[in-house]
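Dear colleague,

I am passing a structure on to you and would be glad if you could look through it before reading my notes. The notes below take up a few places in turn.

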Protein chains: 2
Amino acid sequence: MRSTNTKISSAPKGGFLAKLRAAGLRPTRQRLALGKLLFAPGDRHVTAEGLHGEATRAGAKLSLATVYNTLHQFTSAGLLRQVIVDGEKTYFDTNMGDHHHFYVEDQALLMDIPGDTVRIDGLPKAPAGTEIERVEVVVRLKSRN
Amino acid sequence: MRSTNTKISSAPKGGFLAKLRAAGLRPTRQRLALGKLLFAPGDRHVTAEGLHGEATRAGAKLSLATVYNTLHQFTSAGLLRQVIVDGEKTYFDTNMGDHHHFYVEDQALLMDIPGDTVRIDGLPKAPAGTEIERVEVVVRLKSRN
DNA sequence: ATGCCTGCAAAATATTTGCATGTAA
DNA sequence: TTACATGCAAATATTTTGCAGGCAT
């Protein structure tokens, strides 16, 4: 590495650094850069590739593989949730609350639906030997031409 | 090709051949072999790789790419539906009726939930400029150890 | 100082496409 | 016969892993 004078411990993102440590993840330059992008605004939906692009444009130097690894680490640590809607790309959601999703297929655009307004009735009980982990609702949309 | 004496038009699968023609798809050896596997029993869930394995074991000679292409063609023709639950693999479902899914994550096992018993209330209306195409419910299960 | 953990290059896996070739009309 | 659609090899896209080396302790 050329020049690593960057101070890391200068209290950058409020609780985020604490969250990282609690999860046993070291606050590296890469983690902090991605964390800043992910947790700064409100809720976000990102793909690995999209986030890598953002980070790169913001001047961070990291590989796409690191973005994948970091997203999965954040997910294991309970900071992100994985959303499966597309088959091609995996989305990660910063909204950890109970909620569902709108997905506009022709724009590959993902939006939250607040969870507490939605009620699902009439589900059969889980098959023998299994238990329910989560119920996910995806409302697929197409944009009106 | 070595020996192509196989008669194709000997009325093999009841309505399936007619369906193919209606969709503008020629009843080739490969299509018929896959169609037979897909539409013979009751409802099925397959992956491209799984179906390719079955077909090969049954003695058909075709490449995995052809299986992918055929599955997509059947989907466009309205004979199959694509189900997205896993991110890694794409599943195809022969059940075209309105229904939902159980998905056992640790076994990559997909099961139908009859659609007409499930009721979903409290969904917000579709965002401006879009309309609802389909509402999908996936109940994620884990097997009890 | 040192050993665990990180980050990335390279590999693995999944899917799509371009074109030589077979097939239905 | 002939044009068009098909099926597969090769290319592409996405994600995971093994290990050299950086970092917190």
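A polar contact, as the term is used here, is a pair of N or O atoms within 3.5 Å. Please keep in mind throughout that this is a predicted model.

With that cut-off in hand, I would begin at DNA strand C, where a polar side-chain atom of Asn69(A) lies 2.8 Å from a base nitrogen of the strand. Two further polar contacts involve arginines: a sugar or linking oxygen of DNA strand C is found 3.3 Å from an N or O atom in the side chain of Arg31(A), while for Arg21(B) a polar side-chain atom lies 3.3 Å from a phosphate oxygen of DNA strand C. The elements that contribute two or more residues to the surface near this strand are helix H2 (29–39) and helix H4 (64–76) of chain A, together with helix H4 (64–76) of chain B. Of these elements, H4(B) gives the most, with 5 residues.

Taken as a whole, the surroundings of DNA strand C comprise 26 residues, and the closest are Thr28(A), Thr66(A), Asn69(A), Tyr68(B) and His72(B). By kind of residue, that surface divides into 8 nonpolar, 10 polar and 8 charged. Seen from the side of the DNA, 77% of the atoms of strand C within 4 Å of the protein belong to sugar or phosphate, and the rest belong to bases.

The second topic is the aromatic rings, for which a search of the whole structure finds 8 aromatic pairs over all chains. One of them is formed by Phe39(A) and Phe74(A), a tilted pair with 6.1 Å from centre to centre and 40 degrees between the planes. Phe39(A) belongs to helix H2 of chain A and Phe74(A) to helix H4 of chain A, so this pair ties together parts that are 35 residues apart in sequence. The two partners can also be set side by side by their accessibility, since Phe74(A) is buried, with a relative accessible area of 0%, whereas Phe39(A), at 24% relative accessibility, counts as partly exposed.

In chain B, the rings of Phe16(B) and Phe39(B) have centres 5.3 Å apart and planes at 40 degrees, so this pair is tilted. Because Phe16(B) lies in helix H1 (residues 15–22) of chain B and Phe39(B) in helix H2 of chain B, the pair ties together parts that are 23 residues apart in sequence. Phe16(B) counts as buried, at 6% relative accessibility, and Phe39(B) counts as partly exposed, at 24% relative accessibility.

Back in chain A, ring pairs link Phe16(A), Phe39(A) and Phe74(A) into a cluster. The ring of Phe39(A) also has the charged end of Lys19(A) sitting over it, 5.7 Å from the ring centre. In chain B, Lys19(B) lies over the face of Phe39(B), at 5.7 Å from the ring centre.

Finally, I would point you to Leu34(B), which lies in helix H2 (residues 29–39) of chain B. Leu34(B) has a relative accessible area of 1%, and because buried means under 20%, this residue counts as buried. Leaving aside residues up to four places away in sequence, Leu34(B) touches Leu51(B), Ala55(B), Leu62(B), Val67(B) and Thr70(B). By contrast, the C-alpha atoms of Leu34(B) and Asn145(B), which stand 111 residues apart along the chain, are separated by 36 Å.

With best wishes

Technical notes. Residues numbered from 1 in each chain as written. Chains lettered and ligands numbered in written order. Predicted model: local features only at pLDDT ≥ 70, side-chain atom pairs only at ≥ 80, totals over all residues. Heavy atoms only, no water. Helix = DSSP H or I, 4+ residues; strand = E, 2+ residues; numbered from the N terminus. Buried < 20%, exposed > 50% of the residue type's maximum accessible area, 1.4 Å probe, protein only. Contact = heavy atoms within 4.5 Å. Near = heavy atom within 4 Å. Polar contact = N/O pair within 3.5 Å; in protein donor to acceptor, adjacent residues only side chain to side chain. Nonpolar A, V, L, I, M, F, W, Y, C, P; charged D, E, K, R; others polar. Phe/Tyr/Trp six-rings, centres within 6.5 Å; stacked < 30°, edge-to-face > 60°. Lys NZ or Arg CZ within 6 Å of the ring centre and 35° of its normal.
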